[in-house]
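Biologist: I'm new to reading models like this one. Could we go through it together, one question at a time?

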Amino acid sequence: MRGLIFSILLIPLIPLWILGVAIFTWRIRRVIIPQNISGTAAEPYGARLMLHIAGTRIDNAAYKIAEHMLLYAQPAKFIMLQATWLALKISGYKGSFFAYPGPRPSNVVTMMSHRSHFVDRSMNEAFSRTENFVEQLVILGAGWDTRCYDLPKELNLNCFEVDMAPTLNVKKQAIEKAGIPHDHVTFVETDFNQKSWMDALLTSGFDPNKTTYILWEGVTMYLTDEAVNSTLALFSTLPQGSVIGADFFTEDMVKGNPPHETWSKRAHAGIKYYSEKIMFGIPTGGSLSEGSEKLATKHGLTLTKFENVGDKDDKKKVPWYVFTEMAKK
Ligand SMILES: C[S@@+](CC[C@H](N)C(=O)[O-])C[C@H]1O[C@@H](n2cnc3c(N)ncnc32)[C@H](O)[C@@H]1O
C-alpha cells in the first residue's frame, strides 16, 4: 500500500525527475568526464543518499556534501533528493531500492544496499574487537564514500582516502565547504594501474606496522588483473589482524559467459557511459566462493566473509556479483 502511495506521489514529480536526469546527464558528460572525475563514483553515492533520505541508513556526511558536489549542486539536489524525500515521507515507503539491509537474495535493484550492509557489518565487527585493535582505515578508490566522517569518536582512527587526483580534489573541496571535520583524514593521490598505492600511502604518514582495515569497495572491476593481485599482495604485508573488504564482479559476468550475455552487455555499456571500463572479474569456481578463497589463499589470506547478489539455487537469478572480506591471520 505504501509503495502504491509512493508511486502515485511520484507521478506529478515525473517532469521534475526528467529535468533532474537531464541536468545530471549534462553534468556527467560535460563537466565530470572532461575533468577526469569519476562518474561511476556517483552510482553508489546516489544509492547511499537514497537510503539516507528514506531514513533506512543514516549518512549525514553524504547528505551534507551533496550540494557541494558538482553532480548534486542545486537544482539537482532539490529535484532528485528533496522531492523524493517528500514523497517518501508522505507515503512512509521504505521498500525496494530504499530498503536497508534489504531483501535477500538481493538483485540489481537492491544490490547497493546489500553491498553497503556487507561493508558496514565487516567494518563494525573489525572496529569493535576487544584485542588487536584496528588503528588505521584506508579507503582505496574512495570516490564519494563518507565512512571516515561518521566513525565513533572513541575509535581515534587515522583515515586515508586514496583515489585519483581529480576525484579526490572535488571530494576534499566538498568536505571543506560542508564544514565536516576532517583532521583525521589524509587524502592520498594515486593511480592503482600505474603505481603502488602503498608507496603513495607511505609518503603520507601511513604506518605499515599498524593493524589496518582496508575498504576496497566498488573498485576491483575497473582494474587490471595485475593491479588486483598486486593490491592483495601489498595488503598481505600488513600486520596480522588486518582486514580488507572488497567486492568483485564474477568473471562469467565480465566476459559475458552464459547465462550473463545480456546483462554483461548492459553492464559494459552502462560503465562506458561514464567513459570507464570494466576489466576484472573473479572466477567463481564450483561453489561460487571457491574463486575468492583461491585468490585469498594465493596471497596468504583467509576468506572470512562472503555474500553474493543473486541466488545460486535459482537458474533465473544466477549470481554475478560477490562481496568478500579477507583477513591476514
Ligand atoms: C565506483 S567508484 C567507488 C567509490 C567508492 N568506493 C564507493 O563505493 O562509493 C570507483 C572509484 O575508484 C576509483 N578508481 C578507479 N580506478 C582507479 C585507479 N586506477 N586508481 C585510483 N583510483 C581508481 C575511481 O576514481 C572511483 O572513485
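Modeller: Sure, let's get the naming straight first: helices (H or I, at least four residues) and strands (E, at least two) are DSSP runs, numbered from the N terminus. This is a predicted model, and local features need pLDDT of at least 70, side-chain atom pairs count only at pLDDT 80 or more, while totals for chains, interfaces and linings use all residues. Residues are numbered from 1 along each chain as its sequence is written, and side-chain values use heavy atoms, with hydrogens and water left out.

Biologist: Okay, loops first. Where does Asn 36 lie?

Modeller: Asn 36 isn't a glycine, yet its phi is positive, at about 60°. To place it, look at the loop between α2 and α3.

Biologist: Which residue does a cis peptide bond join to Tyr 100?

Modeller: Look in the loop between α5 and α6, where Pro 105 lies and the bond from Arg 104 to Pro 105 is cis, with omega near -5°. That loop is also the place of Pro 101. With omega about 0°, the cis bond joins Tyr 100 to Pro 101.

Biologist: Now the helices. Is α2 oblique or roughly parallel to α5?

Modeller: Two packed helices are described by the angle between their axes and the distance between the axes. Axes are lines fitted to C-alpha atoms, for helices over the stretch in contact, and angles run from 0 to 180 degrees between N-to-C directions. Helix α2 (residues 14-32) and helix α5 (residues 76-91) have axes that come within 8 Å and cross at roughly 135°. Under 35 degrees counts as roughly parallel, over 145 as roughly antiparallel, 65 to 115 as roughly perpendicular and the rest as oblique, and therefore α2 and α5 are oblique.

Biologist: How many nonpolar residues are in the contact of α2 with α5?

Modeller: Contact means heavy atoms within 4.5 Å, and the residues making it include Trp 17 and Phe 24 of α2 and Phe 78 and Met 80 of α5. Ala, Val, Leu, Ile, Met, Phe, Trp, Tyr, Cys and Pro count as nonpolar, Asp, Glu, Lys and Arg as charged, and the others, Gly among them, as polar. Set aside the 2 polar and 1 charged residues, and the nonpolar count is 11.

Biologist: What are α3 and α6 to each other, roughly perpendicular or roughly parallel?

Modeller: The axes of helix α3 (residues 42-54) and helix α6 (residues 111-127) come within 10 Å. They cross at roughly 85°. That's why we call this pair roughly perpendicular.

Biologist: How many charged residues does the contact of α3 with α6 have?

Modeller: Among the residues making this contact are Arg 48 of α3 and Arg 115 of α6. Besides 4 nonpolar and 2 polar residues, the charged ones number 2.

Biologist: And how many nonpolar residues has the contact of α3 with α5?

Modeller: These axes come within 9 Å and cross at roughly 40°, which means α3 is oblique to α5. Leu 49, Met 50, Ile 53 and Ala 54 in α3 meet α5 residues including Leu 81 and Trp 85. There's 1 polar residue and no charged one, and the nonpolar count is 8.

Biologist: Last one, the ligand. An oxygen atom of the ligand is 2.6 Å from the side chain of which residue?

Modeller: A polar contact is a pair of N or O atoms within 3.5 Å. A backbone N or O atom of Gly 143 is 3.4 Å from a ligand oxygen, and a polar backbone atom of Phe 192 is 2.9 Å from a ligand nitrogen. For 2.6 Å, go to an N or O atom in the side chain of Asp 163.

Methods. A polar contact is a pair of N or O atoms within 3.5 Å; within protein, one must be able to donate a hydrogen and the other to accept it, and residues adjacent in sequence count only if both atoms are side-chain atoms.
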